[in-house]
Amino acid sequence: MNNKIKTEQVAMMLMLIVPVGKYLSLPSVLAKGAGRDYWISIILVFVVDFICFLAFMWALKLNTERLSIKDIFDRTIGQAAGKILFAIMFIYIYLRAAVIMESCLELFSVTFAIKTNWFAFIIPIAALSMFMARKGMNNFARLSEMLFVIIYLSFGMMLFLSSRNANFTNIKPILDDGFQPVLETALKNTFWFSDFSFMAFIMRDYKPEKKYALTLSGAYIAAMAVTVFMNILYIALFDQLAVQSQSVLSKVSQFSVKLTTSGRVDWLFVSIMLFTLFIKATLEFFCCNECLHYIFNVKKHKNPYWTNIAVALPMIIVPVFVNVKDNIFDLFSRDGYGFVFWIIQYGLPLFSPLMTYIANKKEKEKVIYPRRVEE
Amino acid sequence: MKLDKDTSKKKLLSFGNGLRLRTIKTAGKPVDILSLDAMVSDKTVSDCVIESVVRAADQKITSAQEVFDKIAFGVGAEICVTYEQMLKKFLNGNSLIFCGDENTCVAVDTRTTEGRSIAQPPTSNVTKGPREGFVESMQQNVTLLRKRIKTVDFKIENLNVGRYTDTMISVCYINSIAARTTVDMVLQKIRAIDIDGIVDSSYIASFLDNPKCSVFKMVGSTEKPDVVVSRLLEGRVAIIVDGSPIVLTVPYMFVEDIQSPEDYYDAPVIASMGRFLRIFSALASLLLPALYVTFQLYNYHIIPAKFLITILSSTDPIPFTPFTEMIVVLVLFDILREANARMPSIAGLSLSIIGAVVLGDAAVRAGLLSAPAVMIGALSSVGLYTIPDNTLLFTLLRLILVFIGGIMGLHGMILSIMFLLSYVISLETFGTPYLAPFAPNILSDRKDAIMKKKLTDQIKRPLAIKQDNVTRQEESNEQ
């Protein structure tokens, strides 16, 4: 049985990971900036994301020698610059994961009115993340494959339940306040996008198959469409109140169920959606772990515990002292400091084809015999 | 050297209880016939050995070679040179024929075939399909397979394991289908076993198991020859252990537990429905008790109001919390199951009725347990038997999930399901993913997973299993 990651698995991972993080606190933040037109801001960022994604897919195709991202950095920009890039990537991914976790805790307390202790909440997630980080990217791929249908069924049910009460005229008039607030909101909130960045860590284990570009770009477009539709639906449901909801995922379907006859069955779907949140968070944990491996030159097969702990500990402890969610939201949304990560979000994917081409060329020239034995 | 020459026979003669010695004078040297009581068939010894020697008594027999040429007519006759060879044959029920003081002897196969006759296996009754089941005799088990696979490609490699039991183990496979690497891996793992005894095939299973996996069963087992044959035809390797009616097969996948032998003799739609029911009831059995506790303790909003009122009115007088109550119910059912498995069959049925109905009903009437909890516990316990190979494991997992659900609510349940899934997804046995064809998704293999396709549509053998020949039938067979 071939243990390489397959195209469909990557496609499913994309379809799970892209929409879910955009349906917690982000809609209200975006709505504050661009009003009811914030969904256009999402489209704008997605367009840029998609261009970068296409560039990255090209890089995957050019990676004929199945080099890892570290190998590519080493052979193009050198070890030192590579490590700096990994360090930035680590911070970027870590912050995103931390915010997702806090949003997830909030989602839980908002949905089920249960105030969970932070440690009781995060320690099991950290344990799961450590466990999954040790199992490798293949496990994420298989897990996504396994849960994809049930998660999308829940997604579909939630959208169906919500859309029955939606008033889609609420999104009109479009661009009433002009294009500038929409553009500004898009530029300020790029930090929360570029969800395909995990693909940098599958370069070695993924071999593009026939029609991979069509499948992956189709999946990405579908994920973007779902995200945009969900946000339009949110506006259609809440109109002026869109700026106020904290955990959108649990709010959208609240008017659609009758407590006496069906109970809050929508919360069951919210709970199933939590799988996606946890997959996303643990995947980001995995990527942080990989960044540490590259920074500290840990060999691929070793995966020592200390890197797992080094990622898990801050995830547990930092939010106790710092209000990560508010501070990071403010920093990267209101204050617009998200551009510091553009090098990772946009620079890296856009230059990845060139870097991959050079690295592979060097590899081919260097390795005439004996060939590197594939693991 | 003289001492050595005497030792083999002398050592055997000093075997003690159970040794039978018959000396027959011939025109040449006297012939000694040694056999082990209870291990040999008296009739075979008399007819094939003693009678032959007596008939040849007037001939001049002077060596083991002459015994072999002129007396030992049995198919399995063999000349033994070393003491170890002789002892092995002797302990296995062969009769040894010594000629005078010769150090060599002739071993004649006189093993008794006494044992359980072939019958329908108690663990897998079927209404359609073959009824034969494996028995404790390895010879008969091999015969049951050979009767069904008539090809030179069907190979059997015999090994002996166990310092004291010296149990014979046969590794069976179809040479042109099974991957050589899998066969070698199985042989290597069995050869590496160094243990005092192999009592049953489950001993071998624990050595074939993936060492990282201590919870999930990673080796298939069955008592039905037709099942083994179908697995061999899919590129698997079968392991028969002498003295055990359970034959092992590797690699093993979870999906095998939801496949019943009858599925292959029924219409695909019926088989698919059966499989869907099995997987549904297994999942429901696993999750229902934990969900019941979680919903009651933390997420009662999810339950429709009418249901909630019904549940609350029946749980109101109960002195336990929903969590404790469910644990009590599940443990009670597990005790009943354990007791039922060990009870004499005469008392079993009536006592299990008393246990299940009277105890359950009495507990509800006494106000100790609520009717919904007993109903969910019962449903869950019965449902687990739809996946017979993993019943006990799921019982344990069910308890763990109830614990986590009771302590952490839905959050804990989702996390523990993710833990469980990612653990199971990572399992592999002999290069085959345990959850294939679901994770990784193998479309071709899904034709025989939950939704079963017609046999004519199953062109390929399961791709999840390493094999040398993936084509099961020509595409022209497809209708």
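Where in chain B is the place of B:E223? In this predicted model, B:E223 sits in the loop that runs between strand 8 (220-222) and helix 8 (225-232) of chain B.

**Figure 1. The loop position of B:E223 in chain B.** Strand 8 covers residues 220-222 and helix 8 covers residues 225-232, with B:E223 in the loop between them. The residue is buried.

**Figure 2. Charge surroundings of B:E223.** Although buried, B:E223 has no salt bridge. The nearest side chain of opposite charge is that of B:R116, 4.7 Å away. A salt bridge requires a side-chain nitrogen within 4 Å of a carboxyl oxygen, so a separation of 4.7 Å does not qualify.

**Figure 3. Contacts of B:E223.** Leaving aside residues up to four places away in sequence, B:E223 touches B:P121, B:P122 and B:T123, then B:E132, B:G133 and B:F134, and also B:P245 and B:I246.

**Figure 4. Fold and dimensions of chain A.** Chain A contains 15 helices and 0 strands. Its radius of gyration is 21 Å, close to the 21 Å that the globule rule gives for 375 residues, so chain A is as compact as a globular protein of that length. Along the principal axes, the C-alpha atoms of chain A fill a box of roughly 70 × 45 × 40 Å.

**Figure 5. Packing and surface of chain A.** Of its 375 residues, 59% count as buried. Among contacts between residues at least 6 apart in the sequence of chain A, 86% join residues at least 24 apart. The accessible surface of chain A is about 15,100 Å², and carbon and sulfur atoms account for 67% of this area.

**Figure 6. Charges of chain A.** Chain A carries 37 positive and 26 negative charges, and the mean positions of the two sets are 6 Å apart.

Technical notes. Residues are numbered from 1 along each chain as its sequence is written. Chains are lettered from A and ligands numbered from 1 in the order in which they are written. This is a predicted model: local features need pLDDT of at least 70, side-chain atom pairs count only at pLDDT 80 or more; totals for chains, interfaces and linings use all residues. Side-chain values use heavy atoms; hydrogens and water are left out. Helices (H or I, at least four residues) and strands (E, at least two) are DSSP runs, numbered from the N terminus. Buried means under 20% relative accessible area, exposed over 50%, partly exposed in between (1.4 Å probe, protein chains only). Lys and Arg count as positive and Asp and Glu as negative; His and the chain ends are not counted. Contact means heavy atoms within 4.5 Å. The radius of gyration is taken over C-alpha atoms; the globule rule is 2.2 Å times the number of residues to the power 0.38. Accessible areas come from the Shrake-Rupley method with a 1.4 Å probe; for residues, only the protein chains shown count as cover. The place of a charge is taken as NZ of Lys, CZ of Arg, CG of Asp or CD of Glu.
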